[in-house]
Amino acid sequence: MSFIYQRSSALFQEAKIYIPGGVNSPVRAFNAVGGDPVFVESAKGAYLQTEDGHQIIDYIASWGPMILGHAFEPVVEAVINATKKGTSYGMPTAIETEIAKLALSMVPNVDQIRMVNSGTEACMSAVRLARGYTGRDKIIKFAGCYHGHSDSFLIQAGSGAVTFGSPNSPGVTPGTAKDTLLAPYNNLDQVADIFKKNKGEIACVIIEPIAGNMGCIPPQEGFLEGIRSLCDENGALFIFDEVMTGFRLAQGGAQETTGVKADIVTYGKVIGGGLPVGAFAARQEIMNHLAPLGPVYQAGTLSGNPLAMSAGLAMLSHLKNHPEVFDSLAAKTEYLHKGIDSVLSEKGIDYQINRYGSMMSVHFTDQEVVDFASAATGNNDWFKKFFHGLLERGIYLPPSAFESYFLNDALSYEDLDKTIEASREVVAKW
């Protein structure tokens with residue numbers, strides 16, 4: 001059976017009249033893979049219902065938040081109940097403290113957390129806080145890591161920026177760019193060299209502890225530990241961008257799975273249960289520098305929105321009470337990895353599969369994928385064929401070779417087997 005997405009194409013043509021590029025986030029536009037994007041009518045569990053009337057298996061989970069599947073009943077009920085009371089007040093609510101207390105009980109090494117409205121806001125605020133705390137201007141980021149679309153981060157930013165061939169975005173001033181120092185992921189020597197050449201000037205290092213915006217790329221042994229030591233030696237703060245990994249890899253996120261402590265941690269996606277939420281957390285001595293206590297200003301009219309807080313509280317409560325979810329997800333991801341690995345190895349083509357927890361990516365290259373440069377060696381023609389071949393068989397993968405898969409626990413082993421068999425059918429025609 002071949003899935004046709006004719007209505008989606010028509011909807012996309014209409015959307016392009018009224019919305020720049022027809023989408024409200026660039027990666028949705030299918031520029032990296034060609035063709036027209038699929039429009040979703042609804043979703044439940046592991047499945048998307050498209051405007052074309054097809055039910056397809058989902059491997060992006062709204063880019064991570066839907067860790068328990070779409071329309072997870074406790075989250076839906078929480079949002080409905082909150083909506084009946086009002087959608088926003090611009091005043092404090094008890095539920096903000098409730099979710100803060102719960103999140104902090106799950107995460108190591110942080111004392112306080114502040115809610116914002118997106119991962120971009122969280123990372124932008126974390127860097128501002130680090131600069132205010134240290135009194136320094138420069139930051140180190142890694143090529144291919146994406147921390148949102150704040151100006152400081154759009155220097156070889158990975159993911160959507162790479163997909164569109166403009167990692168150094170127009171509109172980012174030279175003055176902003178000069179304070180962002182770039183290092184290759186998994187290259188500790190380069191980080192040490194940057195510290196040496198900018199002694200006493202670096203406020204922080206920000207990193208995706210498990211990269212997800214150049215495909216899934218885990219840190220090599222000693223890499224995160226080495227950065228931790230360099231930050232300590234140089235009086236810089238270490239920021240973990242856990243917008244993707246927070247509450248997905250484990251209750252305590254990448255800090256828990258890697259055993260490396262960060263000074264500031266940013267969150268998004270899972271913490272909002274599917275609604276737009278971000279957050280950043282740190283030790284109290286650092287958070288005390290935030291307004292209204294300290295001089296570092298950060299604000300948001302809709303931050304701590306009661307609908308978003310209700311969704312996030314329901315999601316985190318379930319994850320805390322059911323820690324087995326993380327093992328279940330990791331096992332399913334390993335199963336999919338082994339299945340696709342078997343299919344591609346039988347075909348005898350060049351490929352690499354990276355996996356960490358419930359994140360995974362397939363790269364069509366003969367090189368080990370450890371950073372942005374090696375991720376960029378992938379054969380994009382093969383990736384396009386793989387993506388569209390699976391889409392025609394009702395399987396939705398990330399529409400970019402620079403994005404990670406995000407599995408959800410509603411996926412059944414039957415779904416995984418269907419995906420593996422569909423992969424076999426696709427590559428059999430190459």
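A crossing of two helices is called right-handed if the near helix is turned clockwise from the far one by less than a right angle, and in this predicted model helix 2 passes helix 11 in just such a right-handed crossing. The briefing below takes up that helix pair, then helix 15 with its partner helix 12, then the pair formed by helix 7 and helix 8, and lastly some backbone features in loops and one residue of helix 9, Thr258.

**Helix 2 and its packing on helix 11**

- Helix 2 comprises 13 residues, 73-85, and spans 19 Å from its first C-alpha to its last, which is close to the 18 Å expected at 1.5 Å a residue.
- Val75, Ala78, Val79 and Ala82 are the buried residues of helix 2; because they cover an arc of only 95 degrees around the axis, they fall on the same side of helix 2.
- Among the elements that cover these buried residues of helix 2 is helix 11, residues 306-321.
- The axes of helix 2 and helix 11 are 8 Å apart and make an angle of about 150 degrees, so helix 2 runs roughly antiparallel to helix 11, given that angles over 145 degrees count as roughly antiparallel.
- On the helix 2 side the contact is made by Pro74, Val75, Ala78, Val79, Ala82 and Thr83, and on the helix 11 side by Pro306, Leu307, Ser310, Ala311, Ala314 and Met315.
- After helix 2 comes Gly86, a residue whose phi is positive, near 130 degrees.

**Helix 15: buried side and exposed face**

- Helix 15, residues 413-428, has 16 residues and reaches 22 Å from its first C-alpha to its last, close to the 22 Å expected at 1.5 Å a residue.
- The buried residues in helix 15 are Asp415, Leu416, Thr419, Ile420, Ala422, Ser423, Val426 and Val427; they cover an arc of only 160 degrees around the axis, which puts them on the same side of helix 15.
- Glu414 and Ala428 are exposed residues carried by the face of helix 15 that is turned away from its buried side.
- The cover over the buried residues of helix 15 includes strand 2 (47-50), strand 3, helix 12, helix 14 (380-391) and strand 13 (395-396).
- Ser423, which is found in helix 15, counts as buried because its relative accessibility is 0%, where buried means under 20%.
- Apart from neighbours within four places in sequence, Ser423 is in contact with Ile340, Val343, Phe386 and Leu390.

**Helix 12 against helix 15**

- The axes of helix 12, residues 324-347, and helix 15 come within 10 Å and cross at roughly 20 degrees, and the two helices are therefore roughly parallel to each other.
- Helix 12 passes helix 15 in a right-handed crossing, and the residues of helix 12 that make the contact include Tyr335, Leu336, Gly339, Ile340, Val343 and Leu344, while those of helix 15 include Leu416, Thr419, Ile420, Ser423 and Val427.

**Helix 7 against helix 8**

- Helix 7 (residues 188-197) and helix 8 (residues 223-234) have axes 10 Å apart and pack at an angle of about 10 degrees, so helix 7 and helix 8 are roughly parallel to each other.
- In this contact Leu188, Val191, Ala192 and Phe195 of helix 7 meet Phe223, Gly226, Ile227, Leu230, Cys231 and Asn234 of helix 8.

**Backbone features in loops**

- Most residues other than glycine have a negative phi, and most peptide bonds are trans.
- Ser62, although not a glycine, has a positive phi of about 60 degrees; Ser62 lies in the loop between strand 3 (55-58) and helix 2, and is partly exposed, with a relative accessible area of 34%.
- Lys269, likewise not a glycine, has a positive phi of about 55 degrees; Lys269 sits in the loop between strand 9 (264-268) and strand 10 (278-282), and counts as partly exposed at 23% relative accessibility.
- Ala291 and Pro292 are joined by a cis peptide bond with omega of about 10 degrees, and Pro292 belongs to the loop between helix 10 (284-287) and helix 11.

**Thr258 in helix 9**

- Thr258 is found in helix 9, residues 253-258, and, leaving aside neighbours within four places in sequence, Thr258 is in contact with Ile210, Leu224, Glu225, Phe240 and Tyr356.
- Thr258 and Gln49 are 209 residues apart along the chain, and their C-alpha atoms are separated by 37 Å.

How values were computed: Residues are numbered from 1 along each chain as its sequence is written. This is a predicted model: local features need pLDDT of at least 70, side-chain atom pairs count only at pLDDT 80 or more; totals for chains, interfaces and linings use all residues. Side-chain values use heavy atoms; hydrogens and water are left out. Helices (H or I, at least four residues) and strands (E, at least two) are DSSP runs, numbered from the N terminus. The expected span of a helix is 1.5 Å times one less than its number of residues. Buried means under 20% relative accessible area, exposed over 50%, partly exposed in between (1.4 Å probe, protein chains only). The arc is that of the directions from the helix axis to the C-beta atoms. Contact means heavy atoms within 4.5 Å. Axes are lines fitted to C-alpha atoms, for helices over the stretch in contact, and angles run from 0 to 180 degrees between N-to-C directions. Angles under 35 degrees count as roughly parallel, over 145 as roughly antiparallel, 65 to 115 as roughly perpendicular and the rest as oblique.
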